[in-house]
Amino acid sequence: DVLANSQFPKLVIHGEKDPIISVYDIQTQIERAQNTELKIIPNIGHMGHIEAPNECLKIIQNFVNV
C-alpha cells in the first residue's frame, strides 16, 4: 500500500536470483506503484547491497542525480 499510494519517486533494487522474493513477485508489486523505478541486478540474491555494493551504489547515485 505504501508503494502504491506514495507519489514521490521510488527506487527498488532487486537481485535476479533472490530466493526469498521472486522477480515475478517484485514486478507485480511495482506494477501497482506509481513513479517507481525497478532495477534488477543479474546473478545477485537477496542481499544485493552486500553481494554487489558498487553496483548498488551506482544505481542509487544515478537515481538520486536524476
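How exposed is K39, going by its relative accessibility? Keep that in mind while you get your bearings; the tour comes back to K39 further on. One thing to know before you click anything: this is a predicted model.

**Stop 1: the whole chain**

Start with everything selected and a cartoon view. You should see four helices and two strands. If you trace the protein chain along the sequence, the pattern runs α-β-α-β-α-α. Now turn the model around: along the principal axes, the C-alpha atoms fill a box of roughly 30 × 30 × 15 Å. A compact globule of 66 residues would have a radius of gyration near 11 Å, and the 12 Å of the protein chain agrees with that.

Switch on the surface if you like. The accessible surface comes to about 4800 Å², and carbon and sulfur atoms account for 54% of it. As for what is hidden, 27% of the 66 residues count as buried. Contacts reach across the sequence too: among those between residues at least 6 apart, 68% join residues at least 24 apart.

**Stop 2: D18**

Next, select D18, in the loop between β1 (10-15) and α2 (23-32). Which side chain of opposite charge is nearest to D18? That would be K17, and it is 13 Å away; D18 is buried yet has no salt bridge.

Show the side chain and look at what D18 does reach. There is a polar contact with the side chain of H46, at 2.7 Å. The D18 side chain also reaches the backbone nitrogen of I20, again at 2.7 Å. Add I44, G45 and H46 to your selection: these are the residues D18 is in contact with once its neighbours within four places in sequence are left aside.

**Stop 3: N35 and T36**

Move on to N35, which has its place in the loop between α2 and β2. Check its backbone: phi of N35 is near 60°, a positive value in a residue other than glycine. N35 counts as partly exposed because its relative accessibility is 46%.

One step along is T36, in strand β2 (residues 36-41). Is T36 buried or exposed? T36 counts as buried, with a relative accessibility of 18%, and the cut-off for buried is under 20%. Its side chain reaches the backbone oxygen of Q34 at 3.2 Å. Neighbours within four places in sequence aside, T36 is in contact with K10, V12 and I30. For a distance to try in the viewer, pick the C-alpha atoms of T36 and Q7: they are 9.1 Å apart in space, with the two positions 29 residues apart in sequence numbering.

**Stop 4: E37 and K39**

Now for the promised return. How many salt bridges are there? The count comes to one. Select E37 and K39 to find a salt bridge between their side chains, 3.4 Å from N to O. And the opening question: K39 has 34% relative accessibility, so it counts as partly exposed. E37 also counts as partly exposed, at 30%.

**Stop 5: N43**

Finish with N43, in the loop between β2 and α3 (48-51). N43 has a positive phi of about 60° although it is not a glycine. With the surface on, look for N43 there: its relative accessible area is 53%, so N43 is exposed.

Conventions. Residues are numbered from 1 along each chain as its sequence is written. This is a predicted model: local features need pLDDT of at least 70, side-chain atom pairs count only at pLDDT 80 or more; totals for chains, interfaces and linings use all residues. Side-chain values use heavy atoms; hydrogens and water are left out. Buried means under 20% relative accessible area, exposed over 50%, partly exposed in between (1.4 Å probe, protein chains only). Lys and Arg count as positive and Asp and Glu as negative; His and the chain ends are not counted. A salt bridge is a side-chain nitrogen of Lys or Arg within 4 Å of a carboxyl oxygen of Asp or Glu. A polar contact is a pair of N or O atoms within 3.5 Å; within protein, one must be able to donate a hydrogen and the other to accept it, and residues adjacent in sequence count only if both atoms are side-chain atoms. Contact means heavy atoms within 4.5 Å. The radius of gyration is taken over C-alpha atoms; the globule rule is 2.2 Å times the number of residues to the power 0.38. Accessible areas come from the Shrake-Rupley method with a 1.4 Å probe; for residues, only the protein chains shown count as cover.
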